[in-house]
Amino acid sequence: MTDIDINVNARAAKASVEPRTHLADFLRDHLNLTGTHLGCEHGVCGACTLLIDDMPARSCITLAAACDGARVVTIEGLDNDEIATEIRAAFTREHALQCGYCTPGMLISARDLVLRLDEADERAIRLGLSGNLCRCTGYVGIIRAVRSVIEARRERGIRPVPGAGRAQLGPVGSDNGARTARSETTRQAVSVDLQESAGSKPVVADFAPDKVFEEHFSIAASPDEVFAMFGDIRAIAACLPGVALTGEPTAEHVEGLIRVKLGPISAGFRGAARIERDASTMSGRIVGTGNDQRSRSSTQGEIRYRLVPIDAGAATRVELAIGYSLQGMLAQIAREALVRGLASRLTAEFARNLEQQLSGAADGAPVRPAQSIDGVALLLYGLWKLVRQIIQRSLKR
Ligand code: FES
Ligand code: FES
């Protein structure tokens, strides 16, 4: 259990929570604040939106333990708020709700827009509310309600508040909340140990992965060529989307950064990896570890590869065994299937880039800029694969 001090609706609260408890569950189950609704519980629908340190946030993907020292305002805390009162009246006037399930989250996002927007620009309002889904009313009445409140306030000479008064803009977890001694401890607790060795390079220890799965791909180059390429760390890093080296690599050691985006959460894992290779078996192993300070997550990963000759040695089947352990906030949302999907896509992109490198097609042109691996693109990729399978199956009938 983790002890937290949290301010909810201007009242101080102390609690002992399980590290995996979401803020929404904590508020609903421990403080009986059921105005915060839960819809998707995946950070997609916006029903659970509330304010953390004045910033709209998804409470279904925010850990209560991460809010130690934070100031939280739920819909109940806006009962007497001037702007929320005006928006509620406008919602009633403009028929902007039916079942009301989305309404608490919608009101909190709308209030943020009323505070911030210079004028009642419909496009900006639609954009600002795009993270809040309504399954029954439709958005016309909602947009009309928000527009009318902004127009009325600007006509009364009430100016927008830049950034809604926030000192920093950014997703929750980007250090906007007050840091307490305990949150510092929590932050350190999830960081994976990178012990400094005598030679000042971090030592990457072995570990037992929580999850292991396999991938493979084939490439039109001989095992010798592929094995030689795998020894060129810079070239391999250039083939991996989202990866950037942060130090001079050696044959046995590399330090770098990998950026990942899963739904609303972005993470940049900074860490180090140990490289082992065995030319006699055409195999190798990379063991790495990294931390993301923003999401307070850490990971350890291991990739084992084996190169198998195919097409009489003209081509190579690359067999991979990927193992990983994940701790911290990302572990709460990174379902195994999502990580597998990410790894499949990463492997496919890696294979394509590798083939380009080996064929020399990338001469003079970088293979790919280091991009983050986007969860939305991953989803689209998954959908595309599903549609393709359905079409293939129906053609076979
Ligand atoms: S419940 Fe859907 S975003 Fe939180
Ligand atoms: S009013 Fe029913 S979901 Fe929005």
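**Exercise 1. Determine whether Gly323 is buried or exposed, and describe its surroundings.**

Solution. The relative accessible area of Gly323 is 2%, so this residue is buried (buried means under 20% relative accessible area, exposed over 50%, and partly exposed in between, with a 1.4 Å probe and protein chains only). Gly323 belongs to strand 14, residues 315–327; helices (H or I, at least four residues) and strands (E, at least two) are DSSP runs, numbered from the N terminus. When neighbours within four places in sequence are left aside, the contacts of Gly323 are Phe207, Pro209, Lys211, Val212, Gln300, Gly301 and Glu302, where contact means heavy atoms within 4.5 Å. One of these, Gln300, is 23 residues from Gly323 in sequence, and their C-alpha atoms are 8.3 Å apart.

The model is predicted: local features need pLDDT of at least 70 and side-chain atom pairs count only at pLDDT 80 or more, while totals for chains, interfaces and linings use all residues. Residues are numbered from 1 along each chain as its sequence is written, chains are lettered from A and ligands numbered from 1 in the order in which they are written, and side-chain values use heavy atoms, with hydrogens and water left out.

**Exercise 2. State how many helices and strands the protein has, and what share of its residues is buried.**

Solution. The protein has eleven helices and 15 strands. Of its 397 residues, 44% are buried. For contacts between residues at least 6 apart in sequence, 62% join residues at least 24 apart.

**Exercise 3. Describe how helix 2 and helix 5 cross, and which residues meet.**

Solution. First, the axes of helix 2 (residues 82–93) and helix 5 (residues 140–155) come within 8 Å and cross at roughly 135°. Helix 2 is therefore oblique to helix 5 (angles under 35 degrees count as roughly parallel, over 145 as roughly antiparallel, 65 to 115 as roughly perpendicular and the rest as oblique). Axes are lines fitted to C-alpha atoms, for helices over the stretch in contact, and angles run from 0 to 180 degrees between N-to-C directions.

Next, helix 2 contributes Glu82, Ile83, Glu86, Ile87, Ala90, Phe91 and Arg93, which meet Ile142, Ala145, Val146, Ser148, Val149 and Arg153 of helix 5. By class, this contact of helix 2 with helix 5 has eight nonpolar, one polar and four charged residues (Ala, Val, Leu, Ile, Met, Phe, Trp, Tyr, Cys and Pro count as nonpolar, Asp, Glu, Lys and Arg as charged, and the others, Gly among them, as polar).

**Exercise 4. Describe how helix 3 packs with helix 5.**

Solution. Helix 3 (residues 103–116) packs with helix 5 at an angle of about 35°, the axes being 10 Å apart. Met106, Ala110, Leu113, Val114 and Leu115 of helix 3 meet Ile142, Val146, Val149, Ile150, Arg153 and Arg154 of helix 5. The contact of helix 3 with helix 5 comprises nine nonpolar, no polar and two charged residues.

**Exercise 5. Explain where the buried residues of helix 7 lie around its axis.**

Solution. In helix 7 (residues 223–230), the buried residues are Pro223, Val226, Phe227, Met229 and Phe230. They cover an arc of only 160° around the axis and therefore lie on the same side of helix 7; the arc is that of the directions from the helix axis to the C-beta atoms. On the other side of helix 7, Asp224 and Ala228 are exposed.
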